[in-house]
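Open the model in your viewer and keep the selection panel at hand. The stops below say what to select next and what is there.

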Amino acid sequence: MIKQKITTALSNVVVEYLESKGIAESVNFTVEVPPKNIDADFATNVAMIIAKKVKISPRVVAQGIINIISKKFSNLIEKADFATAGFINFYVKNNVLYTELKVILKERNKYGSMTANNKKKVLVEFVSANPTGPLHIGHGRGAAIGDSISRILKYLGYNVSKEYYLNDVGNQMLVLANSVEVRYKQLKGEKIELPADYYQGECMVNIAKRLIAEGKSFEEVDFRREAVKDILKTIKEDLKDFAVEFDSWFSEMSIVVVKDKEGKSEVDRACQYLLKKGDAYEKDDVLWLASTKFGDDKDRVLKRSDGRYTYLASDVAYHRSKFKRGFQKLVNFWGADHHGYVARIQACVQMLDFNKENLDIILYQFVSLVRNGRPVVMSTRSGAFIALKSVIDEIGRDACRFFFLLRAPDSQLEFDLELAKKHSNENPVFYVQYVNARCNSILKESKKRDDLNSNDNEKIDFDLLNSKEERTLIKQLAAFCDTLALSEKTMSPHHFTGYLIGLADSYHKFYEKCRVLTNDTALACARLKLTEGVMIIIQTGLGLLGISSPDKM
RNA sequence: GCGCCCAUAGCUCAAUUGGAUAGAGCGUUUGACUACGAAUCAAAAGGCUAGAGGUUCAAUUCCUCUUGGGCGCGCCA
């Protein structure tokens with residue numbers, strides 16, 4: 001929040017400066033934390049931007065800005081100076097830092113949360129893996145990212161719904177049903193081979209075993225329904241183990257198979273709508289989506305010549321349903337193999353009169369699995385994949401989530417199982433969690449001393465927190481808000497893992513340099529408050545990533 | 001052939017979306033526990049950001065080309 005204060009003050013000053021020069025234009029500038037070698041708290045590039053616009057040297061502009069801000073915001077700025085590169089560096093008053101710390105102590109796990117987004121309804125769709133087997137590690141990445149972003153958006157005041165789109169109709173379901181059927185027959189003693197293009201996974205056998213155990217005869221069994229039921233159950237359990245829970249499971253069947261009073265499905269309705277608008281047209285016995293109108297390479301088929309709809313038609317109806325349910329913002333997390341699909345869905349939402357800006361499609365690159373240096377091929381069909389569950393069991397939920405959230409979605413990720421296992425004790429997640437455990441231990445220790453019981457923030461002398469380590473730590477805490485903003489802007493939670501590692505780093509350094517439980521009561525009390533603030537932020541931050549903060553490790 | 005994504009330390013990845021001397025972890029080398037947790041800290045080594053041009057006060061970031069990898073390109077889902 002401190003950065004925000006500087007930005008606001010600076011905007012004010014810039015307007016005044018430009019007016020004094022008779023310029024009406026506004027300028028875009030940034031405020032940021034300077035690199036380590038500069039000891040200022042914040043820096044801005046505004047002098048360089050203005051200088052270019054008004055053709056005055058950056059130094060002169062900077063001096064003008066510095067004069068105004070020093071006078072007008074002396075409560076905020078301790079000192080401001082011009083750096084040779086053209087930046088203006090700011091040193092904020094210690095009081096500003098202490099005020100921020102007090103806000104954290106007061107707001108606790110609501111610090112930085114907002115109501116400003118006015119409960120805007122947003123739908124986050126992720127995982128949406130086909131129900132043809134247990135989730136594998138690639139789905140895990142999507143699950144971790146989508147779930148964390150949902151938590152972050154909720155924290156920022158959005159009304160978030162998490163949805164799983166279930167492809168429970170179509171060819172794959174046919175293959176699935178047939179696969180279980182063959183297994184069923186095999187178990188009954190029939191001598192038949194499982195075709196190579198059927199699902200080979202062990203779970204097909206288990207489903208068949210269950211059906212036989214329940215005494216279901218071949219004639220009465222709906223293999224598709226039974227298979228989906230079992231697999232879905234497994235998927236839900238896996239997700240629960242991963243701390244991911246969905247608000248809704250949207251069945252494709254509900255928009256394809258289910259008909260209204262007039263015998264029309266939602267897909268029928270959606271296609272009808274597009275046809276009427278002229279965004280779909282019939283040609284050669286085929287119904288086409290005129291997606292080229294909105295930047296796609298070519299028009300796409302909605303309804304085949306044999307009268308069956310394509311997957312795209314379902315998706316059009318599905319997105320239409322999202323709007324009909326009143327969502328104002330859509331976020332879709334897709335595996336990178338779906339990138340060819342982005343253009344047509346963007347086209348389709350525009351045809352449905354939705355602003356393209358309110359649809360975010362985030363592609364996450366594949367997780368390539370390596371075991372003992374040898375690549376592991378991931379294919380649900382071959383059955384030779386690594387289940388998410390086995391990885392969670394192996395390295396733990398927290399470490400697994402943190403690992404996935406460490407990287408930007410668009411970087412391909414190499415996951416060496418042996419390595420992950422080997423270094424599980426040195427995983428950065430423990431580095432962060434350790435801070436919480438350490439703080440907890442200090443607080444517990446402090447309870448043994450009668451002179452440290454003051455819980456009243458007003459009686460604490462925060463001025464005593466004036467070392468370099470302490471200032472750095474408080475600034476770091478305040479940067480929590482910037483991290484929230486950045487994550488929202490990029491729709492990626494990976495900024496948070498980096499932030500938390502940095503915060504942990506600052507605390508460990510503070511710990512080495514500044515003893516918390518000193519004989520000086522006033523100082524000990526102040527440092528305990530700082531420690532408490534760190535715990536609040538660590539716990540809240542890890543919470544946004546769906547990761548626990550154990551008291552002891 | 002066309003399109004999307006990526007290329008940064010020995011390895012896995014960051015870099016506040018165009019900012020100052022490009023940072024972490026692992027691995028390597030060295031040091032620190034008889035006061036709050038050593039799952040920690042201090043220090044060293046490691047880089048022509050794949051290559052070549054361009055845009056500007058400023059490029060890992062934006063544009064073009066080349067090379068190398070991943071993934072798509074169906075009346076499959």
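Helices here are DSSP runs of H or I at least four residues long, and they are numbered from the N terminus. With that numbering, go to Gly 546 in chain A, just after helix 20, where phi is positive at about 75°. The model is a predicted one.

**Helix 20**

Step back from Gly 546 and select residues 521-544, which make up helix 20. This helix has 24 residues, and its first and last C-alpha atoms are 35 Å apart, close to the 34 Å expected at 1.5 Å a residue. Is helix 20 largely enclosed by the rest of the structure, or largely open? Of its 24 residues, 17 are buried, so helix 20 is largely enclosed. While the helix is on screen, a general point helps in reading side chains: an α-helix has 3.6 residues a turn, so residues three or four places apart point the same way.

**The whole of chain A**

Zoom out and show chain A as a cartoon. You should find 20 helices and 15 strands. The C-alpha atoms fill a box of roughly 85 × 65 × 45 Å along the principal axes. Of the 553 residues in chain A, 39% are buried. Among contacts between residues at least 6 apart in sequence, 73% join residues at least 24 apart.

Now colour by domain. The domain assignment gives domain 1 as 2-92, domain 2 as 171-241 and domain 3 as 426-544. The centres of domain 2 and domain 3, taken over C-alpha atoms, are separated by 52 Å.

**Around RNA strand B**

Select RNA strand B and the residues near it. There are 74 residues around the strand, and the closest are Ala 43, Gly 340, Ala 437, Ser 441 and Thr 490. Elements that give two or more residues to this surface include helix 2 (46-54), helix 6 (171-187), strand 15 (413-416), helix 18 (480-490) and helix 19 (494-513). Which element gives the most to the surface near RNA strand B? Helix 16 does, with nine residues. Colour the surface by class to see 31 nonpolar, 24 polar and 19 charged residues.

**Val 429 in helix 16**

Stay with helix 16 and select Val 429, which lies in it. Val 429 counts as buried, with 26 C-beta neighbours inside 10 Å. Leaving out residues up to four places away in sequence, Val 429 touches Asp 398, Ala 399, Phe 402 and Ile 547. For a view across the chain, add Gly 307: the two residues are 122 apart in sequence, and their C-alpha atoms are 53 Å apart.

**An open sheet**

Next, find the four strands that form an open antiparallel sheet in the order 1-2-4-3. Strand 1 (31-32) and strand 3 (77-82) are at the edges with a single partner strand each, so one side of each has no neighbour in the sheet. Select strand 2 (residues 42-44) and strand 4 (residues 88-92), which run antiparallel and are joined by three bridges. Thr 44 is opposite Ile 88 in strand 4. In a regular strand, side chains alternate between the two faces of the sheet.

**Arg 108 and strand 5**

Move along to the loop between helix 4 (94-107) and strand 5 (121-125), where Arg 108 is found. Arg 108 is not a glycine, yet its phi is positive at about 50°. Is Arg 108 buried or partly exposed? It has 15 C-beta neighbours inside 10 Å and counts as partly exposed.

Then select strand 5. Four of its five residues are buried, so strand 5 is largely enclosed by the rest of the structure. Strand 5 pairs with strand 6 (residues 159-166) in the parallel sense over five bridges. One bridge to look at joins Val 122 to Val 160 in strand 6.

**Helix 12 and the loop after it**

For the last stop, select helix 12 (residues 342-351), which holds Cys 348. Cys 348 is buried, with 27 other C-beta atoms within 10 Å. Apart from neighbours within four places in sequence, Cys 348 is in contact with Leu 289, Val 316 and His 319. Asp 315 is 33 residues away along the chain, and its C-alpha atom is 9.1 Å from that of Cys 348.

Asp 353 is in the loop between helix 12 and strand 12 (359-364). Its phi is near 65°, a positive value in a residue other than glycine. Asp 353 counts as exposed, with 8 C-beta neighbours inside 10 Å.

Note on methods
Residues are numbered from 1 along each chain as its sequence is written. Chains are lettered from A and ligands numbered from 1 in the order in which they are written. This is a predicted model: local features need pLDDT of at least 70, side-chain atom pairs count only at pLDDT 80 or more; totals for chains, interfaces and linings use all residues. Domain bounds come from an automatic or database domain assignment. A residue is near a molecule or strand if its C-beta atom, placed from the backbone, lies within 6 Å of it. Ala, Val, Leu, Ile, Met, Phe, Trp, Tyr, Cys and Pro count as nonpolar, Asp, Glu, Lys and Arg as charged, and the others, Gly among them, as polar. Two strands pair if DSSP finds at least two bridges between them. The expected span of a helix is 1.5 Å times one less than its number of residues. A residue is buried if 20 or more other C-beta atoms lie within 10 Å of its own, exposed if 12 or fewer, and partly exposed in between; C-beta atoms are placed from the backbone. Two residues are in contact if their C-beta atoms, placed from the backbone, lie within 7 Å.
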